[in-house]
Amino acid sequence: MTRYLELSAEIARAIRAGELAPGAELASVRDLAQTRSTTVATASRAYRHLAEHAVIRIESRRRATVSPDGPIAAQRLLDGALVFRLAGSDDPALDWLLRHVGEAVSVVPAPGSLQGLTAVAKGTADGATVHLRHHSGVYNAPFARAVLRGRSPTLVHLWRREQILLLPAGNPRGITDIRQVGGLRIAKRSPGTGTRMLLDDVLTTAGLSPDDIPGAELGSHLEVALAVATGAAHAGLAVRAAAADLDLSFLPVAWEDYDLVLPAAALGAAAPLIHAVRDPAVADAITGFGGYDLSRAGAIEELGG
């Protein structure tokens with residue numbers, strides 16, 4: 001956990017314990033930084049984090065004070081009520097990670113990168129997993145800035161993952177290029193998912209009209225893989241891990257960044273998820289699924305704004 005979160009937790013514990021009563025003035029930012037051997041920027045951010053959770057009040061030209069309901073807000077910040085509400089993109093490794101984390105994270109019904117970002121913008125989710133490529137070639141950051149403007153948009157890098165075109169075992173049609181799928185049944189993810197957007201982009205680049213490609217719309221990467229394995233579809237775009245143990249052939253398509261998008265105020269609640277993805281044992285397990293790179297897992301990028 002970053003230093004400002006540790007510092008804000010220390011202050012919240014003092015407020016919860018009654019060492020700082022409602023209405024009490026807090027140390028100035030400079031004094032706090034000096035006594036805790038940290039920077040003024042870190043101390044200031046710790047205070048902002050507490051204010052965003054209604055633990056303290058910050059008023060212009062005055063010292064921060066403990067909120068009237070500060071002890072209750074501090075308890076909510078520190079104890080159990082901060083279940084992280086997660087929306088967004090489907091991923092086999094994420095499913096495994098969430099089982100590892102347990103009740104600290106709750107999945108809300110907003111599947112897909114776009115719906116996940118919308119849920120964060122509306123406040124019905126605290127964060128969203130996304131893998132959206134901007135026209136500039138940058139993944140996720142431009143979308144986070146747009147959706148969370150004014151809320152300190154932040155990216156937590158989870159992993160890079162490989163998207164592949166799944167084909168029946170042995171590739172009986174001899175497909176070696178995406179242009180050869182014209183007229184075939186293609187299993188597709190739902191509109192608004194990052195994988196569907198990637199598929200449409202790949203088809204368009206190959207000179208094919210996505211609207212002219214038949215195929216069922218499915219809710220997960222595993223369903224896409226199963227559709228190809230059972231013959232319900234001739235091909236489908238999904239992450240490599242979804243094809244594990246299904247004896248499918250494939251064509252590599254793209255590596256993409258899979259990130260957690262959230263406002264900075266939600267970093268505290270996301271801490272169990274961040275700690276878990278940084279665990280070397282967890283990283284080894286996910287890498288073992290195939291098609292994952294966790295070399296930067298848990299890196300936090302503050303986007304500003």
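These legends go with a set of close-up views of one predicted protein model.

**Figure 1. The whole chain, before zooming in.** This is a predicted model, so local features need pLDDT of at least 70 and side-chain atom pairs count only at pLDDT 80 or more, while totals for chains, interfaces and linings use all residues. Residues are numbered from 1 along each chain as its sequence is written, and side-chain values use heavy atoms, with hydrogens and water left out. The protein chain has 11 helices and 12 strands (DSSP runs numbered from the N terminus: H or I of at least four residues for helices, E of at least two for strands). Its C-alpha atoms fit in a box of roughly 75 × 35 × 30 Å along the principal axes. Of the 305 residues, 49% are buried (buried means under 20% relative accessible area, exposed over 50%, and partly exposed in between, with a 1.4 Å probe and protein chains only). Contacts here are heavy atoms within 4.5 Å. Among contacts with a separation of 6 or more, 72% involve residues 24 or more positions apart. The accessible surface is about 14000 Å², and 51% of that belongs to carbon and sulfur atoms (Shrake-Rupley method, 1.4 Å probe; for residues, only the protein chains shown count as cover). There are 30 positive and 32 negative charges, with mean positions 6 Å apart (Lys and Arg are positive, Asp and Glu negative; His and the chain ends are not counted). Each charge is placed at NZ of Lys, CZ of Arg, CG of Asp or CD of Glu.

**Figure 2. Asp259, a buried acid without a salt bridge.** Asp259 sits in strand β10, which covers residues 249–263. What is the nearest side chain of opposite charge to Asp259? That would be Arg296, 5.8 Å away; a salt bridge calls for a side-chain nitrogen of Lys or Arg within 4 Å of a carboxyl oxygen of Asp or Glu. Asp259 does have polar company, though: its side chain makes a polar contact of 2.8 Å with the side chain of Asn140, and another of 2.7 Å with that of His157. (A polar contact is a pair of N or O atoms within 3.5 Å; within protein, one must be able to donate a hydrogen and the other to accept it, and residues adjacent in sequence count only if both atoms are side-chain atoms.) Leaving aside neighbours within four places in sequence, Asp259 also touches Ala128, Thr129, Val130, Leu155, Val156 and Leu158, among others.

**Figure 3. Val261, also in strand β10.** Val261 is buried, with a relative accessible area of 1%. Beyond its neighbours within four places in sequence, the contacts of Val261 include Leu117, Val120, Asp126, Gly127, Ala144, Leu148 and Thr154. Phe143 is 118 residues from Val261 along the chain, yet their C-alpha atoms are separated by 9.0 Å.

**Figure 4. Arg85 and Asp126, joined by a salt bridge.** The closest approach in this pair is 2.8 Å, N to O. Arg85 lies in strand β3 (residues 84–88) and Asp126 in the loop between α6 (113–122) and β5 (127–130), so the bridge ties together parts that are 41 residues apart in sequence. Buried or partly exposed? Arg85 is partly exposed at 30% relative accessible area, whereas Asp126 is buried at 16%.

**Figure 5. Two more salt bridges, Arg160 with Asp293 and Arg63 with Asp31.** The closest N and O atoms of Arg160 and Asp293 are 3.9 Å apart. Arg160 belongs to strand β6 (residues 153–167) and Asp293 to strand β11 (residues 292–293), so the pair ties together parts that are 133 residues apart in sequence. Arg160 counts as partly exposed at 29% relative accessibility, and so does Asp293 at 27%. The Arg63–Asp31 bridge is 3.9 Å, N to O. It links Arg63, in the loop between β1 (56–57) and β2 (65–66), with Asp31 in helix α2 (residues 29–35), 32 residues apart. Arg63 is partly exposed at 42%, as is Asp31 at 35%. The structure holds 15 salt bridges.

**Figure 6. Pro92 in helix α5.** Helix α5 runs over residues 92–101. Pro92 is partly exposed, at 24% relative accessibility. Leaving aside neighbours within four places in sequence, Pro92 is in contact with Val239, Ala241, Ala242 and Tyr292. Thr38 is 54 residues from Pro92 in sequence and 40 Å away in space, C-alpha to C-alpha.
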